[in-house]
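Biologist: I am new to this structure. Please take me closely through one part, the place where the chains touch, and then show me what lies around it.

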Amino acid sequence: MQGARLEGLPLFSNLSPEEQAEIEALLEPASFGAGEEIFEEGSPEKYLYVLTSGTVKVYKEIFPNQRQHLATIHAPTVVGELGLMNETKAAASVVAEEPVEALRISHEAFLEKLKSGSSTAHKVTYEIGRTLAERMAKTDESITKIVARLEDARSDRDFDVFRNKLMQEWGF
Amino acid sequence: MDGDPRNVGFFEFLSTEERAEFAEVSELVAFTPGETLIEEGSEPSSLFVLTSGRVEVSKRIPRHGERILAEIDAANEKTVVGERGLLDSRGASATVRAKGEVEAIKIPREKFRAMISAGSPAAYKLATRITRILARRLTRLDEKVVETIRELEYRGETDLDVFRDKLVTEWTV
């Protein structure tokens with residue numbers, strides 16, 4: 001069991017066996033029944049979850065009282081890594097679709113390790129960074145498309161203001 | 001003029017030894033007005049810490065040419081460009097051009113990659129710094145995307161439904 005728990009997860013694949021053991025020491029088991037919430041939109045995220053089995057659904061309240069389904073994610077995977085790096089509230093809800101087995105790492109314990117200069121923790125954040133870079137590239141593509149479409153549709157001048165606001169946040 | 005990473009604010013999170021490591025691989029570069037630091041789409045960018053001058057960030061919008069996204073002044077807080085390229089394997093998502101005379105410290109992508117391969121703690125620390133920057137930006141972008149969707153809905157732009165759906169699907173978690 002030991003050592004195998006992080007196998008197949010890109011987030012930990014560049015770690016040596018010793019470094020994997022260092023991360024393993026931070027892991028606590030967690031399980032969720034079908035329908036149980038792992039993250040609640042707007043609440044603080046305290047853990048990074050390594051899902052070892054099961055499926056979760058991601059929802060966001062885009063319009064008041066209307067939860068929109070954004071994604072379905074299957075184990076093995078990791079959720080909560082953006083919150084770990086950003087120390088922000090959950091931007092979406094993550095709900096177990098079927099029973100979920102997971103291992104969790106408390107943000108506090110991980111950030112403490114990072115602060116103390118642990119090279120293992122830095123290696124993990126490097127992998128998180130690569131994931132985020134990829135996500136950002138996808139978000140960039142989507143925004144490019146929507147901006148182009150808004151340009152096509154510019155039927156009223158208000159659209160300019162709105163488009164500009166979108167572009168300002170963009171940077172790159 | 002100071003182009004040594006040992007004396008530049010951005011590198012303050014590194015120890016003296018780690019800064020010296022970056023001093024070894026970094027290059028002091030200068031650009032004349034109109035010159036390109038980073039070219040959209042070509043290849044992943046290197047990281048530039050601007051030490052003087054101003055740059056313009058622009059992006060190609062399909063069917064609508066190039067749009068200016070931002071102007072960055074080395075005198076201000078935000079003086080780093082191209083950081084995503086160090087962690088990414090995709091082409092740069094925008095073009096960065098010198099608005100006037102610009103000086104910068106360049107950390108070439110391939111040098112950074114080599115440091116990572118060699119297990120350099122300094123390189124991993126820089127990666128962590130970049131990851132935090134990306135996380136902040138991604139969170140802001142996601143919020144903006146949601147606002148956009150709400151705005152489209154409010155305006156009843158049914159013509160844009162497909163894009164609204166697309167935005168939702170791509171929304172990051």
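Modeller: Here is the side of chain B that touches chain A, followed by a sheet and a helix pair. Keep in mind that this is a predicted model.

Start with the contact between the chains. On chain B, 50 residues are in contact with 47 residues of chain A. Several elements of chain B each supply at least two residues to this side: β4 (54–60), β5 (66–73), α2 (83–87), α4 (121–155) and α5 (161–170). α4(B) gives the most, with 24 residues. By class, this side of chain B has 23 nonpolar, seven polar and 20 charged residues.

Now follow two of those elements, β4 and β5 of chain B, into their sheet. Four strands of chain B form an open sheet, in the order β2-β7-β4-β5. The pairing is antiparallel. β2 (36–38) and β5 of chain B are the edge strands, and each pairs on one side only. On average, neighbouring strands are turned by 30° against each other, direction ignored. At the β2 edge, two bridges join β2(B) to β7(B), residues 95–98. B:T36 has B:R97 in β7(B) as its bridge partner.

Last, turn to chain A. The axes of helix α3 (residues 107–115) and helix α4 (residues 119–152) of chain A come within 7 Å. They cross at roughly 110°, so α3(A) and α4(A) are roughly perpendicular to each other. Their crossing is left-handed. From α3(A), A:F110, A:K113 and A:L114 meet A:A121, A:H122 and A:T125 of α4(A). That contact has three nonpolar, two polar and one charged residues.

Methods
Residues numbered from 1 in each chain as written. Chains lettered and ligands numbered in written order. Predicted model: local features only at pLDDT ≥ 70, side-chain atom pairs only at ≥ 80, totals over all residues. Axes fitted to C-alpha atoms, helices over the stretch in contact; angles between N-to-C directions. Parallel < 35°, antiparallel > 145°, perpendicular 65-115°, else oblique. Left-handed = near helix turned anticlockwise from the far one by under 90°. Contact = placed C-beta atoms within 7 Å. Nonpolar A, V, L, I, M, F, W, Y, C, P; charged D, E, K, R; others polar. Pairing = 2+ DSSP bridges.
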